[in-house]
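Morning, everyone. Please have a look at the chain on the screen. I'll walk through a few parts of the fold.

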Amino acid sequence: MCCESKRRFLLLYATQKGQAKAIAEEIWQQAGAHGLEADMHCISEMDKYNLETEKDPVVIVISTTGTGDPPDTARKFVKKIQDKTLPPDHFAHLQYGLLGLGDSEYMFFCNGGRTVDRRLQELGAQHFYDTGLADDCVGLELVVDPWIDGLWLALKEALQLQKEKEGMNNAVNAVSRSLSTAPHVVHELKLSSEVQNLKLEDEGARGSDNLSQKVDDINLVAPARDTEPSLAHSVPPVSQSALNIPALPPEYIEVEFQDTQGENLHLSSLTSEGTTFEVPVTKAVQLTREDAIKTALLLELDIADTAFEYQPGDAFCVICPNNVSEVEKLLHILGLSEKGDDFVCVKVKQGTKKKGASRPQHIPERSTLKFILTWCLEIRAIPKKAFLRALVECTSDAGEKRRLQELCSRQGASDYTRFIRDSNVCLLDLLHAFPSCKPSLSLLIEHLPKLQARSYSVSSSNLYQPGRLCFVFNVVEFPASPSRPISRKGVCTGWLAELVAPLLHPSKNSQDTKGESTSTEKISIFPRPNNAFHLPADPSVPFIMVGPGTGIAPFIGFLQHRQKLREQHTDWEFGETWLFFGCRHQDRDYLFRQLRCFLENGTLTHLKVCFSRDSSTVEVAPPKYVQDVLRLCAKEVARILLKERGYFYICGDKKRMADDVSDAIVDILSMEMEADKLEAMKTLAMLREAKRYLQDVWS
């Protein structure tokens, strides 16, 4: 026991959607092969660990959510360590390594991890291993895999140093122990790695032989097909490489079919976000013309009989199901088409080797099979490498087996990125490409993540439309590709569009006008308040809104609210309001032509619009994008931000718009301040820090 305790380390994870937990579990699984024992806990389980007295090294895996916040599971922990009364040596005894997860598409990249890392340093904790920051935009595995590889030696060195410190009272024994143990530790690490690699190379070689035979046979018939890799087919050097593949995740779920009848859980049980509201859709309007590139819809919900509250600028979440036909296809492939309505009992498998195994919280203990696949599991999720590794064991064809091994291996990392991650491949696509793969239902429950509710910006004001909530969205389209044989619509936007089709296209016998017929369809929603993206508290403060396309949604709510305030408080002073809007074509996707009404009644003082795809016959072509229009208004923008301490709001696509707008603002500040670009960037950073430059963006 003594030896084991000295080889222990504490492993904490803070997760929002399950990625940090999955990575922590991977570390826990690998630890045993390196002669180490990981004591793993969710960071919220503060009754199961104590950093104040922790002597062993600590490894923390933490994600980021929202606009740079730590995940919900880490909020209490962060609040505790942010206590300003803690002395600067509070964690002087602590050695830790931290892996942060984030997405560089968003402004505050890995801020959850950075916040914890910075505060632990301020309280005297020491790194035993460099902090890793993994980017989901390009692939978490690009940082995660090498970070985990280097972790083991760093942990062993930290544990060895700890052992030496503990033996300081007996210097002779300490020296002798360090001399005899250190080489053994390094040798053990190398040996276990070599044994693992030997096994993998042996398996890979066998798979490679089988695949090579198949490739040779195909070459005789159609050599041209084999010159380019694809989802289901590889080429040298990957096809001829010995492979390093992940360890096989232990099975831990057991599913039993039952003959008894009953009812499925209410949808409100699928979220831990508090109160869920089931509300009717009262109106649907298509804002774009039929020939527009994207289809934008506005939906109105009746919240009058609920306690749902919101402010303009807030977001809310819609609980949505998977596509019915995709669920049916999955049932067919699993050979369970006849059992979709049967009840199943989901429980932990007896004797599982998975530490702390428990039934996933998003899976009911008892429900119908169809309910689980429709409402609980994200069947469109991009499969993680651990899932691919597990699917290898369910595949009978040697060539397909080898290709799945390649896709989850180090050597096949670029193929994984190209053919799975970047191609948005999901489980159904994999099962289509690898027909001999027949996974069990329990495997899907183990590896598919929770079906997440989808977030939308509110596009209305409760002051302007009491008892109503509006939101706007584009119906997302995923075209067919070599890796994805059929086109698809977004999980939630496709479902909503189908749900409100009767409102958009009422029957010829209906007397209602288009988009305004009465609906009996209901959807389940819950609030997602935004702490910062709100109107200025002082109505006399001017503000600028930039919202091309559906990014205009929250600003409709802003303007509706401002109009009502102006009507109710005629003695108040109101600051000027600017709106920059852009779309492709003025006659096809100018979403809210009633913006002119806000302009005419004085609610909106300046409206600037641009149309990127419309041709122009004038000698000087008009600006195409909102960032171009901003540059034309440079003096006014600088005046509002610098002299009048105004606010600047951006909503919309980050990669294609928000970053370009940010660059334009830096140029404007540099020019109007007569300062260099670095100084302008510092000024913009100060505006962000003061919550006067605010973004609600998506990737």
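**Cysteines, sheets and helices**

Let's start with disulfides. The count comes to zero here, where a disulfide is a pair of cysteine sulfur atoms within 2.5 Å. In general, a disulfide is a covalent bond between the sulfur atoms of two cysteines.

Some ground rules. This is a predicted model, where local features need pLDDT of at least 70 and side-chain atom pairs count only at pLDDT 80 or more, while totals for chains, interfaces and linings use all residues. Residues are numbered from 1 along each chain as its sequence is written, and side-chain values use heavy atoms, with hydrogens and water left out.

Now two cysteines. Are C408 and C426 buried or exposed? Buried means under 20% relative accessible area, exposed over 50%, and partly exposed in between, with a 1.4 Å probe and protein chains only. C408 has a relative accessible area of 3%, so C408 is buried. C426 is at 1%, so C426 is buried.

Where is C426? It lies in the loop between helix 11 and helix 12. Helices here are DSSP runs of H or I with at least four residues, strands are runs of E with at least two, and both are numbered from the N terminus. Follow the chain back 43 residues from C426 and you reach P383; their C-alpha atoms are separated by 6.3 Å. Leaving aside neighbours within four places in sequence, C426 contacts I379, R380, A381, P383 and R488. Contact means heavy atoms within 4.5 Å.

Next, helix 11, residues 413-421. Its buried residues are D415, Y416, T417, F419, I420 and R421. They pack against helix 5 (141-166), helix 9 (385-392), helix 10 (398-407) and helix 12 (427-433).

On to the sheets. Two strands pair if DSSP finds at least two bridges between them. One open sheet has six strands, in the order 13-10-17-8-9-14, with antiparallel pairing. Why does one side of strand 13 (454-457) and of strand 14 (468-474) lack a neighbour in the sheet? Both stand at the edges, each with a single partner strand, so one side of each is left free of a neighbour there. Neighbouring strands in this sheet are turned by 40° against each other on average, direction ignored.

Look inside that sheet. Strand 10 (315-319) and strand 17 (522-528) pair antiparallel over five bridges. A315 stands opposite R528 in strand 17. Helix 14 (491-499) lies across several strands, including strand 13, and runs at about 70° to strand 13. Such angles run from 0 to 180 degrees between N-to-C directions; axes are lines fitted to C-alpha atoms, for helices over the stretch in contact.

The other open sheet on my list has five strands, ordered 20-19-18-21-22, and the pairing is parallel. Its neighbouring strands are turned by 10° on average, direction ignored. Strand 18 (543-546) and strand 21 (647-653) pair in the parallel sense over four bridges. There, Y649 is the bridge partner of M545.

Last stop, helix 21. It lies across strands 18, 21 and 22, at about 155° to strand 21. How does helix 21 pack with helix 22? Helix 21 (654-673) and helix 22 (677-689) meet at an angle of about 115°, with axes 8 Å apart. Among the residues making this contact are I665 and L669 of helix 21, and M681 and L684 of helix 22.
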